[in-house]
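Let's walk through this model together, one region at a time. Have the structure open and turn it as you read.

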Amino acid sequence: MIPLPTKYEKDIRSRINSLDTLVIIDNIKIATRSLHLTNEDTNEKEFYVDRDLSVNSIKQSVDFEKRSFKIGNVTIQISNYKINGSRFSDLFLDKSLVNRKVDIYQMTKSATSVSDCLQLFSGKVRRYSIDERSVSFTVEDSTQEKLHKDLPNSRLPDEEQILEKYRNK
């Protein structure tokens with residue numbers, strides 16, 4: 001069972017639920033509505049901007065019989081229309097967001113910090129596209145990095161009982 005933050009668990013058991021989605025991309029904070037949350041490290045309020053955030057379903061599959069899996073991925077779409085004279089894409093004009101960390105949370109009404117929210121996904125930006133209407137991110141989880149193993153992980157010794165063509169290989 002996934003441990004739920006106390007406030008989150010209490011809120012989802014109540015009769016009226018209001019859920020918001022939060023996305024943090026390399027310290028850029030976006031939400032399904034504008035809001036302020038407290039940073040627990042600095043005790044300062046952090047602003048999450050409403051940019052018409054859309055997060056599609058998170059997909060991941062495992063086939064135990066074939067011993068294969070598909071890397072979990074999610075697509076995030078954010079409005080790029082000008083607000084107060086600037087576009088969302090202006091935040092990262094001077095840097096690429098590929099391989100930047102992305103965290104996706106679900107927030108309930110009584111959350112005051114990110115630790116009160118349920119983390120749904122953590123991954124890295126694999127690619128993104130920009131036009132004047134929207135910015136679309138494809139984010140993959142880090143399964144590939146964690147499960148990757150360089151092979152071979154050992155070599156046969158150079159001993160007489162091993163055929164010469166297989167020694168040190």
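Ser57 is partly exposed, with a relative accessible area of 47%; here buried means under 20% relative accessible area, exposed over 50%, and partly exposed in between, using a 1.4 Å probe and protein chains only. You will find Ser57 in the loop between strand E5 (54–55) and strand E6 (59–63). Helices (H or I, at least four residues) and strands (E, at least two) are DSSP runs, numbered from the N terminus. Setting aside residues up to four places away in sequence, Ser57 touches Asn73 and Val74, where contact means heavy atoms within 4.5 Å. From C-alpha to C-alpha, Ser57 and Asn73 are 8.7 Å apart in space, with their positions 16 residues apart in sequence.

A word on the ground rules. This is a predicted model, in which local features need pLDDT of at least 70 and side-chain atom pairs count only at pLDDT 80 or more, while totals for chains, interfaces and linings use all residues. Residues are numbered from 1 along each chain as its sequence is written, and side-chain values use heavy atoms, with hydrogens and water left out.

Now turn to the nonpolar interior. A nonpolar core is a set of buried Ala, Val, Leu, Ile, Met, Phe, Trp, Tyr and Cys residues joined through side-chain atoms within 4.5 Å. The largest one has 18 residues, and those with the most contacts inside it are Ile25, Ile76, Ile78, Phe88, Val102 and Phe137. Two or more residues of this core come from each of strand E1 (20–25), E2, E7, E8, strand E9 (118–130) and E10. Ile76 is a good place to pause: not counting residues up to four places away in sequence, Ile76 touches Val23, Leu53, Ser54, Val55, Val102, Ile104, Val135, Ser136, Phe137 and Val139. A second, separate core has 10 residues, including Leu22, Tyr48, Met107 and Cys117.

Next, look at the rings. The structure holds five aromatic pairs; rings of Phe, Tyr and Trp (its six-membered ring) pair if their centres lie within 6.5 Å, and planes under 30 degrees apart count as stacked, over 60 as edge-to-face and the rest as tilted. The rings of Phe92 and Phe137 have centres 6.2 Å apart and planes at 55°, so this pair is tilted. Phe92 lies in the loop between strand E7 (68–79) and strand E8 (101–107), and Phe137 in strand E10 (residues 134–141), so the pair ties together parts that are 45 residues apart in sequence. Both Phe92 and Phe137 are buried. Tyr128 and Phe137 make another tilted pair, with ring centres 5.8 Å apart and planes at 35°. Burial varies here: Phe137 has a relative accessible area of 0%, while Tyr128 is partly exposed at 25%. Phe88, Phe92, Tyr128 and Phe137 form one aromatic cluster.

What about the empty space? Rolling a probe the size of a water molecule over the atoms shows where empty space is left. On a 1 Å grid over the protein atoms alone, a pocket is an open set of points where a 1.4 Å probe fits, with protein on both sides within 12 Å along at least five of seven lines; lining residues have an atom within 4 Å of a point. Grid points are joined across faces, edges and corners, and a volume is the space filled by probe spheres set on the points.

The largest pocket has a volume of about 270 Å³. Its lining has 16 residues, of which Ile24, Lys29, Glu46, Tyr48 and Val114 lie nearest the centre. E8 gives the most to this lining, with three residues. By class, the lining of the largest pocket has four nonpolar, five polar and seven charged residues; Ala, Val, Leu, Ile, Met, Phe, Trp, Tyr, Cys and Pro count as nonpolar, Asp, Glu, Lys and Arg as charged, and the others, Gly among them, as polar.

The second largest pocket has a volume of about 170 Å³, and among its lining residues are Asn27, Lys29, Phe47, Arg87 and Phe88. Strand E2 (28–31) and E4 each supply at least two residues of that lining. Lys29, found in strand E2, is buried, with a relative accessible area of 16%. Beyond its neighbours within four places in sequence, Lys29 is in contact with Val23, Ile24, Glu46, Phe47, Tyr48 and Val49.
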